[in-house]
Amino acid sequence: MGNNNQKLPLRKAQSVPGSQFLQATNPDFVRGNKTRGSERLVRGKSQDELDKGSEGAQWSVPLVEALFLPDFPVRGSLEEQEFEVVDVIAKGAYGNVLRVRREDEKQVYAMKVMSKTQIIVEGAIQQCKDEAAIQAMLGDHPFIVKLHEYWQSKKFLYIVLDYIPYGDTFTLWTFHGYFPEQLVKVFVAEMAMVLDYLHKSGVIYRDIKMENILLDVNGHIQLTDFGLSKWLNIRERTRTVCGTLQYMAPEVLSAQAYGHTADWWSLGILMFVMLAGKYPAEGASDHKEMATKVFDCDYLLPNFVSDRAQEVIDKLLMKRPERRLSDLFTLQNMPFYRLFDFTSAIERKINPKTVVPEDFFPMTGVSFSYSPNTEPPEEDEFAEFDFVWNLPSDAEPVFV
């Protein structure tokens with residue numbers, strides 16, 4: 001499928017950042033009565049202003065460090081921790097993702113370096129704490145990227161992760177245009193087992209999309225980027241409008257209270273896109289416009305996709321969350337998965353590479369997925385992208 005000249009246009013997923021105002025200060029370091037003014041203590045301040053403020057106050061540690069304690073211990077810069085920077089592999093919302101090597105080891109890691117000033121100004125302190133804590137606690141799952149350590153210096157937060165050098169599903173999808181049904185069956189099953197694990201652990205992920213699904217050496221998924229994840233127990237609800245517009249559930253787009261079922265909607269969109277080679281609804285400028293498009297969409301797959309796959313889509317993309325397929329047991333018992341062994345899948349005994357042609361995974365590890373908050377330059381859409389187009393020479397990529 002990689003040599004098919006009739007390529008579908010590449011589509012840029014659009015994202016909405018979290019709009020929730022998070023607690024601006026760590027309660028362990030608050031002195032006296034809290035007022036509405038004190039909650040805005042650090043919002044909108046520069047690094048210099050924060051430094052000056054910490055000098056005048058009676059803090060045992062500087063304010064810019066206290067805000068991230070005790071979650072992020074103070075340890076100094078990456079050079080002081082004897083990490084050697086190899087190169088930059090991605091751009092994130094608050095900084096870069098680096099490929100690094102520890103001087104006393106041969107092991108290569110991915111390191112997320114985030115600006116504390118930007119995090120503080122945008123009120124995302126708790127969001128970053130949750131990201132690190134969730135991935136550290138739940139990263140031993142076979143389909144989740146493992147987090148090794150995290151700390152802070154005066155100006156940055158550092159998160160050290162496994163380095164996955166075999167590409168991602170978005171790059172593979174744009175190369176082929178769509179995925180064979182048997183491969184989608186494996187990918188969706190692995191992702192569903194991740195969701196089942198996260199939800200039972202009291203976490204909602206909220207940003208399922210191909211760009212966040214890396215591939216290991218055998219083609220198994222490796223979920224990364226827990227930046228929008230949140231601690232949320234079963235039957236609890238939250239209201240933050242966040243995620244990637246074309247993957248967001250109707251209740252999220254409508255700013256209604258939602259729970260774990262929103263993640264299962266996103267899984268349905270993921271499955272649809274992988275099978276059809278296109279998004280079911282075009283992108284929009286904001287969540288309100290996207291909500292209208294979602295409610296008007298019928299989510300019908302192309303005729304070459306089986307009726308059993310369409311049945312799974314119908315269940316996952318129920319617009320009423322209370323009627324939506326939202327548990328692993330129900331998915332396992334659908335006709336689409338009748339002969340699929342989920343036990344073998346969780347043990348990584350079902351190799352995705354065995355259900356596709358031998359040359360289906362020609363990935364070199366480069367990726368042209370990019371941060372949802374990183375916009376291409378207007379003058380040249382592709383000038384600043386740090387990726388390699390893995391496409392035939394006569395193919396013309398088009399963003400719509």
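Ala255, at 36% relative accessibility, counts as partly exposed because its value falls between the 20% and 50% cut-offs. In this predicted model, Ala255 lies in the loop between helix H8 (250–253) and H9, and its phi is near 60°, a positive value in a residue other than glycine. A comparable backbone feature appears at Asp225, which is not a glycine and yet has a positive phi of about 60°. Asp225 is placed in the loop between strand S9 (221–223) and strand S10 (230–231), and at 27% relative accessibility Asp225 counts as partly exposed.

Another backbone feature concerns Leu69 and Pro70, since the peptide bond from Leu69 to Pro70 is cis, with omega near 0°. Pro70 belongs to the loop between helix H3 (63–66) and strand S2 (83–91).

The accessibility values given for single residues can be set side by side as follows.

| Residue | Relative accessibility | Class |
|---|---|---|
| Thr174 | 5% | buried |
| Asp225 | 27% | partly exposed |
| Asp327 | 31% | partly exposed |
| Ala255 | 36% | partly exposed |

Thr174 has its place in helix H6 (residues 169–176), and with 5% relative accessibility Thr174 counts as buried, because that value is under 20%. The side chain of Thr174 reaches the backbone oxygen of Thr171 at 2.9 Å.

Asp327 is found in the loop between H11 and H12, where at 31% relative accessibility Asp327 counts as partly exposed. The side chain of Asp327 reaches two backbone nitrogens, that of Phe329 at 3.2 Å and that of Thr330 at 2.7 Å. Asp327 and Thr261 are 66 residues apart in sequence, while in space, C-alpha to C-alpha, the separation is 8.6 Å.

Thr261 leads on to the second largest pocket, where Thr261 is among the five lining residues that lie nearest the centre, the others being Ile234, His260, Trp264 and Ser326. The space in this pocket amounts to about 330 Å³, and the lining consists of 20 residues. By residue class, the lining of the second largest pocket divides into eight charged, six polar and six nonpolar residues. H7 and H9 each supply at least two residues of this lining, and the largest share, three residues, comes from H7.

H7 and H9 also take part in the surroundings of helix H11. Which residues of H11 (residues 307–316) are buried? They are Ala309, Gln310, Val312, Ile313 and Leu316, and they lie on the same side of H11 because they cover an arc of only 155° around the axis. In general terms, an α-helix has 3.6 residues a turn, so residues three or four places apart point the same way. What covers the buried residues of H11 includes helix H7 (181–200), helix H9 (261–276) and helix H12 (328–332).

For the chain as a whole, the protein has 13 helices and 11 strands, and of its 400 residues 51% count as buried. Among the contacts in the protein chain with a separation of 6 or more, residues 24 or more positions apart account for 69%.

Conventions:
Residues are numbered from 1 along each chain as its sequence is written. This is a predicted model: local features need pLDDT of at least 70, side-chain atom pairs count only at pLDDT 80 or more; totals for chains, interfaces and linings use all residues. Side-chain values use heavy atoms; hydrogens and water are left out. Buried means under 20% relative accessible area, exposed over 50%, partly exposed in between (1.4 Å probe, protein chains only). Helices (H or I, at least four residues) and strands (E, at least two) are DSSP runs, numbered from the N terminus. The arc is that of the directions from the helix axis to the C-beta atoms. Contact means heavy atoms within 4.5 Å. On a 1 Å grid over the protein atoms alone, a cavity is a set of points where a 1.4 Å probe fits but cannot get out, and a pocket is an open set with protein on both sides within 12 Å along at least five of seven lines; lining residues have an atom within 4 Å of a point. Grid points are joined across faces, edges and corners, and a volume is the space filled by probe spheres set on the points. Ala, Val, Leu, Ile, Met, Phe, Trp, Tyr, Cys and Pro count as nonpolar, Asp, Glu, Lys and Arg as charged, and the others, Gly among them, as polar. A polar contact is a pair of N or O atoms within 3.5 Å; within protein, one must be able to donate a hydrogen and the other to accept it, and residues adjacent in sequence count only if both atoms are side-chain atoms.
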